[in-house]
Amino acid sequence: MRFSTLDLFCHVIDNYGDAGVALRFCRAFRQKHPACTVRLFIDEMKALLEITSSLDAVSPLQNLDGITIINLQSLTPEGICSIGPAEIIIEAFACHIPEWYLDKAYFTKCLIINLDYLSAESWTAGYHLKESLLPCGSAKKYFYMPGFTDGTGGILPNEPFLPCQLHRGAFPAPVTEHLCTLGYPNDFHSIAAIGTLFTYEKSFDTLLSQLNTTFASSLLLCFGNKTHIGMRNTLKRLKCLHSPGDTVFLYGTVSIALLPFFEQRIFDQLLYTTDFNFIRGEDSLTRAILAGRPFLWNAYLQDEKYQLVKVEALCSMISTYFEDYPTFSGFRKIMIEFNNQQFECSSKPSDEDFSFFFENLKNFEHATQKLCYFMEHHCNLIEKISEFINAFDFT
Amino acid sequence: MKEAQDLRSGNTVKMGNDLFIILKAIYNKGARNASSVKMKLKNLSTGSISETVYRASDKFDNVVLERKSMQFLCEANGFYTFMDNETFEQMDLNKDDLGDALNYLKEEMTLDIIVYGEKPVGVELPAQVDLVIEYTEPAVKGDTGGKVLKAARLETGFEIQVPLYCNIGDKVRVNTATDEFVGRAN
């Protein structure tokens, strides 16, 4: 190994994806290169605290799974002076690395990598591993474009755990335990349909009504404050029953549980144990694909509904994994409907039609599993980025 | 300073000690309203061309270059002397400065010299030039054999492809960007 240090910089804009992917990258890289010292510089600890345990919000330096977590907001001037640049510097999602760090890094023979957002759009392959000339010094910088094809940077793999032990209805223990505190039994195998719901704020009227008419019983596990707000507003409109504590609801045959965040690893495992996953953001999308379960993706809302361009690109990429065009066409239709929002809002009833999705869960599962297989064997981001780094001349 | 998203083809930027002219700039919108720009750059010192990518918000020192309209006077000892048509000042350029422009350079020709400070960094030919054919094989009547073009050496020594009907002494018009025959020049 020709390098021994890696620093990753993460700027938290909103939600949990920035911190989540940064942590996941650090863990996965360290697993591949155990002799490498990995540091994660983050400017907002709150997002990290939601998806991990054993960290605090204030300490400037902490350790998590062998990774040094550096809280940029708590760094003292002495701390800043003592930090030297690593050989590999990851600039996650076009964040701005502090000037005091770059002033030192530019004049070393380091490799700076802009780790961009995951996208299925075809233009990303043309940007992948292109150099970004720096204004001074001897450092080199390149763009790294995660993606779903051979010509891109791949996707972050899951941590190794045993998917064969993660069968339907067998939730990770912390989830089962929490559900028991809410009054659920500890056996979910008899429920006809189990799904996760982790979206931006939106209405769920048709989702609930179609689950109610399609399945004899169903369980929706809802995560994230925005999902909760959307669900509560929907349930108020539908005038459904709820338990004391306002976290468990019943709409016809649909049981809805509003759950807190669990650790990143627990959520990853949970996705394997359901019948479908409705998820948001790039990281959860990747986890849902790797879980091989049918999914719908709620893309980050952008100006003038630009998220639909991203959704169409994903659909175009995934189309080759479907057995027939009508099934793909049905998938594309609901994906567009699911993302056809200008703003995050749940004050009006929704009108998406999920019936085709629920009637074709087996076909969607088949397509997702084929996609998952390709990703696992051809699109491992850590393998690909390691190959690139190993070929770099640090001398 | 300009941001990458504001740069266009033809702009010149400075990075380190080198000047780069932007040959192509493509903008793409990424996730979270973040964007990036792919640029094809030509290093004005070395002539090398590279494809690079920047964040849309990356800043560049924008460089304004001066263009001087200058007439080619003569060549001596590997130096090509040009005269400013307005100030009559003279400037010597070498082969490397001129690059492919040498293919079309003849005495009294006017072209734009691009200058940064006092240093010439490039030349710009007219889009088309008229030159005399110094040598070409005569066309044999009836012998087409599927050929539609033949080689012709221009008065500057550069060789292009011309239609079979062109002869020695003909003045032809040439596209300097593509090196293609455009037509006869009267």
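**Ring pairs, salt bridges and a sheet in chains A and B**

Let me begin with one side chain, A:F358, which at 5% relative accessibility counts as buried. Please keep in mind throughout that this is a predicted model. The residue just before, A:F357, is buried as well, with a relative accessible area of 1%, and I will come back to how these two rings are placed.

Aromatic contacts are numerous enough to need a selection, since the structure holds 42 aromatic pairs over all chains. One of them is A:F25 with A:F29, whose ring centres are 5.7 Å apart and whose planes meet at 15°, so this pair is stacked, an angle under 30 degrees being what that word requires. These two residues are four apart in helix α1 of chain A, residues 17-32, so about one helical turn separates them. Are they buried or exposed? A:F25 is buried, at 1% relative accessibility, and A:F29 is buried too, at 0%. Now back to A:F357 and A:F358: their ring centres are 5.6 Å apart, but the planes stand at 75°, and therefore this pair is edge-to-face.

Rings also meet charged side chains here. A:K202 lies over the face of A:F338, with 4.3 Å to the ring centre. A second case involves both chains, for B:K29 lies over the face of A:Y306, at 4.7 Å from the centre of the ring.

That brings me to charges in general: side chains of opposite charge can pair when their charged atoms come close. How many salt bridges are there over all chains? The count comes to 33.

I have picked three. In one, the side chains of B:E51 and A:K130 meet with 3.6 Å from N to O. B:E51 belongs to strand β5 of chain B, residues 49-55, while A:K130 sits in the loop between α5 and β7 of chain A, so this salt bridge joins two chains. B:E51 itself is partly exposed, at 36% relative accessible area.

In another, A:R168 and A:D275 form a salt bridge whose closest N and O atoms are 2.7 Å apart. Because A:R168 lies in the loop between β7 and α6 and A:D275 in the loop between α9 and β13, the pair ties together parts of chain A that are 107 residues apart in sequence. A:R168 is partly exposed, at 25%, whereas A:D275 is buried, at 12%.

The remaining example is B:R184 with B:D170, at 3.5 Å between the closest N and O atoms. B:R184 lies in strand β16 of chain B and B:D170 in the loop between β14 and β15, 14 residues apart. B:R184 is partly exposed, with 47% relative accessible area, and B:D170 counts as buried at 18%, the limit being under 20%. Salt bridges with shared partners also join A:R24, A:D268, A:D283 and A:R287 into one network.

Let me finish with a sheet in chain B. It is an open sheet of five antiparallel strands, in the order β14-β13-β12-β15-β16. β14 and β16 stand at the edges with a single partner strand each, so one side of each has no neighbour in the sheet. On average, neighbouring strands of this sheet are turned by 55° against each other, direction ignored. Within it, β12, residues 128-136, and β13, residues 149-154, pair in the antiparallel sense over three bridges. Which residue stands opposite B:Y135 in β13 of chain B? That residue is B:R153.

Terms used:
Residues numbered from 1 in each chain as written. Chains lettered and ligands numbered in written order. Predicted model: local features only at pLDDT ≥ 70, side-chain atom pairs only at ≥ 80, totals over all residues. Heavy atoms only, no water. Salt bridge = Lys/Arg side-chain N within 4 Å of Asp/Glu carboxyl O. Buried < 20%, exposed > 50% of the residue type's maximum accessible area, 1.4 Å probe, protein only. Phe/Tyr/Trp six-rings, centres within 6.5 Å; stacked < 30°, edge-to-face > 60°. Lys NZ or Arg CZ within 6 Å of the ring centre and 35° of its normal. Pairing = 2+ DSSP bridges. Axes fitted to C-alpha atoms, helices over the stretch in contact; angles between N-to-C directions.
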